[in-house]
Amino acid sequence: TTSIQQGSLQGGNLGGLLAFRDEALTNTQNALGRVAMGLAGTFNQQHQLGQDLNGALGGNFFVQAVPQVTSNTSNTGTAVVTASVADGADYTALTGSDYLLRYTGGTSYTLTRLSDNQVTNYATLPVTPVDGLTLTSTAGAAVGDSFMIRPTVNGARDIAPVLSDPSKIAAATPVRSNATLANLGTGKISAATVNQPDPVTPNPVHPLTDLNLQQPVTITFTSPSTFDVTGTGVGLPATGVAYTPGANISYNGWTVQISGTPTAADTFTIGSNTNATTDGRNALLLAGLQTQNTLAGGTTSY
């Protein structure tokens, strides 16, 4: 068989269709897939910071599309290249571009971003992050072998809900803060918010949350200007912590603020949220993602 070079098809219906595919359709498909992957990725991340009606931490809400990698049919080596969204990566790093990866010998590769033809040389794989991606390769590549990487091409096609049970929607925040009724001062504690975990104590089941997120922690004021913190977690127990009204207090992957003037022996507690049926704080944060500028480097919303 003889291959027909696309460049030889400059006119007619077939040439017009090929030009439309290359100049409009492919870019639009990638751009739409990027939005879908950004939505699914950031929504999943926020959903995992919540708690469902059963008291369990949230899981993925959407299926996350996988970048497509295609080996050149002319490759003579046996290497297999894979691309995935980098662990913990901000999904806004995805560009919507396709990439051409070429093996240059030894352990070296060159990567061309096809949207602007920017070329980057890599001494070895795996490498991360590359526009939000992790690239890996098995052994066996031959010099000149190339691989087309299309990170977002299937994003819109593959997005789908994972959950079928409404009780597993993580609408609540998994931690709750309280002020002891016996407190005599004017101190008030804010609702606890969940932040990224301390890397010292990764959670093997829910990597976006701290391992000790829901462990009970008690803040006890020893004077109007100092407090002790007891509980399990990195940096705990802590004694003689200076108190600044309204300043962030963060342990175990959560943050609270205490304001006012507590007195000695006033206590505040942070622990597992046992009243999730009346808590919709994480649902509000999920809804708020719609208008946050998270795509295109934080310059546009969904």
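Modeller: A salt bridge is a side-chain nitrogen of Lys or Arg within 4 Å of a carboxyl oxygen of Asp or Glu. Keep that cut-off in mind for this predicted model.

Colleague: What makes Asp131 and Arg113 a salt bridge?

Modeller: Their closest N and O atoms are 3.0 Å apart. The cut-off is 4 Å, so the pair qualifies. The pair links distant parts of the chain, 18 residues apart. Asp131 sits in the loop between β6 and β7, and Arg113 in strand β4.

Colleague: Why is Arg113 called buried?

Modeller: Its relative accessible area is 16%. Buried means under 20%, so Arg113 is buried.

Colleague: Why is Asp131 called partly exposed?

Modeller: Asp131 has 22% relative accessibility. Partly exposed lies between under 20% and over 50%, so the label fits.

Colleague: What makes Arg113, Asp116 and Asp131 a network?

Modeller: Arg113 forms a salt bridge with Asp131. Arg113 also forms one with Asp116, with the closest N and O atoms 2.8 Å apart. Salt bridges thus link the three residues.

Colleague: How do you know that Arg281 and Asp279 form a salt bridge?

Modeller: The N to O distance is 2.8 Å. That is within 4 Å, so the pair counts. Asp279 is buried at 13%, while Arg281 is partly exposed at 25%.

Colleague: How do you know that β12 and β13 pair?

Modeller: Pairing needs at least two bridges, and these strands have 6, so they pair. The sense is antiparallel. Thr218 stands opposite Thr230 in β13. The two strands form a hairpin with 2 residues between them.

Notes
Residues are numbered from 1 along each chain as its sequence is written. This is a predicted model: local features need pLDDT of at least 70, side-chain atom pairs count only at pLDDT 80 or more; totals for chains, interfaces and linings use all residues. Side-chain values use heavy atoms; hydrogens and water are left out. Helices (H or I, at least four residues) and strands (E, at least two) are DSSP runs, numbered from the N terminus. Buried means under 20% relative accessible area, exposed over 50%, partly exposed in between (1.4 Å probe, protein chains only).
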